[in-house]
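Work through the following exercises with the coordinates open. Each task is followed by a stepwise solution.

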Amino acid sequence: MTERHELPERYDIATTLGQLSLGRHDPCSRWIDGVYWLAARTPEGPGSLALRSAAGHLHVEAYGEGAGWLAGHADAIAGLRDDLTGFPELSQAHPFVARLAREHAGLRLPATRLAFPRLLRAVCEQKVTGTEAYRAYSAIVRKFGSKAPGPAERLWLPPEPEVIAATPYYEFHPLGLEQKRADTLRRVAAQAARLQRRPDSASLTAHLLTIRGIGPWTAAETAAVVFGDPDAVSVGDFHLPNFVCYALAGEPRGTDARMLELLSPFTGHRGRVCHLIELSGLGAPKYGPRQPLRTFHTY
């Protein structure tokens, strides 16, 4: 199945779609020879989606039982339904944000409308280093997932939620998840069908916050990608308050409360501003040793 969508001026496909992958070697979504591939279990079945930009258009190919669903949502997945209404005016509230808005005018926020794959990644990322998160996420996908339909090699479908929900927590230990995150993942998987039916960011967030082990950070990280929510702020992030407070106020250390105070002039697009600040590469000064890598393989 193939489709084509006209792209807005200065559209940045690499930065936009990069928000969907956990590193360059994400088994479920990656660049292969200039084409971005995404594997997914859609409401209509498993499928894979190929996206590339050429001659001012987004070119779409989809494969598998879920090809129709993926093709129908391709423009949203590529961020083409992202609504920037009001943001150019709001960005003028701070000169650094205004500059970032100009420099990254081609950035869009994707909306996948697929809850469980993003939750799988988010739970793996809870309170660990990026390396630990990637190792656990990749190991879980490769153990419980399967080869994606279509011609792309090394592309894996995420696991079926029912399989994850039925797996004892101790089977996740060799894969890099301790019992706390493993149990959270199993609880999320058990409610995956209900979560998938949530119609908007607010209802998805509210539902997620009723699940033990899911807090504001995981809920915001999920809503930001599932619905492309431009106002979702990842409260509870280890680095984000420092980045935001340093970028907007020159303060090398910040709290969630201070971060939200500084972001208040951008209400409606606070998550977008956070993403632009992270994208800028401006990091707060670092103090102290790095967090050590841990393993749960022998626990």
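**Exercise 1: burial of a threonine**

Task: decide whether Thr 218 is buried or exposed in this predicted model.

Solution.
1. The relative accessibility of Thr 218 is 2%.
2. Buried means under 20% relative accessible area.
3. Thr 218 therefore counts as buried.
4. Thr 218 belongs to helix H11.
5. With neighbours within four places in sequence set aside, Thr 218 is in contact with Leu 119, Ala 122 and Gln 126.

**Exercise 2: the surroundings of H5**

Task: determine how many residues of helix H5 (residues 115-125) are buried, and what covers them.

Solution.
1. Of the 11 residues of H5, 10 are buried, so the helix is largely enclosed by the rest of the structure.
2. The buried residues include Leu 119 and Ala 122, both of which are contacts of Thr 218.
3. Charged side chains are not left out of the list: Arg 118, Arg 121 and Glu 125 are buried too.
4. The cover over the buried residues of H5 includes helices H6 (130-144), H7 (161-166), H8 (179-190), H9 (192-196), H10 (201-208) and H11 (216-226).
5. After H5 comes Lys 127, with a positive phi near 55 degrees.

**Exercise 3: the sheet**

Task: establish the strand order of the open sheet and which strands lie at its edges.

Solution.
1. The sheet has 5 strands in the order S1-S5-S4-S3-S2, with antiparallel pairing.
2. Strands S1 (2-6) and S2 (29-32) each pair on one side only, and are the edge strands.
3. From one strand to the next, the twist averages 25 degrees.
4. S1 and the antiparallel strand S5 (residues 57-64) are joined by 5 bridges.
5. Glu 3 has Val 60 in S5 as its bridge partner.

Key: Residues numbered from 1 in each chain as written. Predicted model: local features only at pLDDT ≥ 70, side-chain atom pairs only at ≥ 80, totals over all residues. Heavy atoms only, no water. Pairing = 2+ DSSP bridges. Helix = DSSP H or I, 4+ residues; strand = E, 2+ residues; numbered from the N terminus. Axes fitted to C-alpha atoms, helices over the stretch in contact; angles between N-to-C directions. Buried < 20%, exposed > 50% of the residue type's maximum accessible area, 1.4 Å probe, protein only. Contact = heavy atoms within 4.5 Å.
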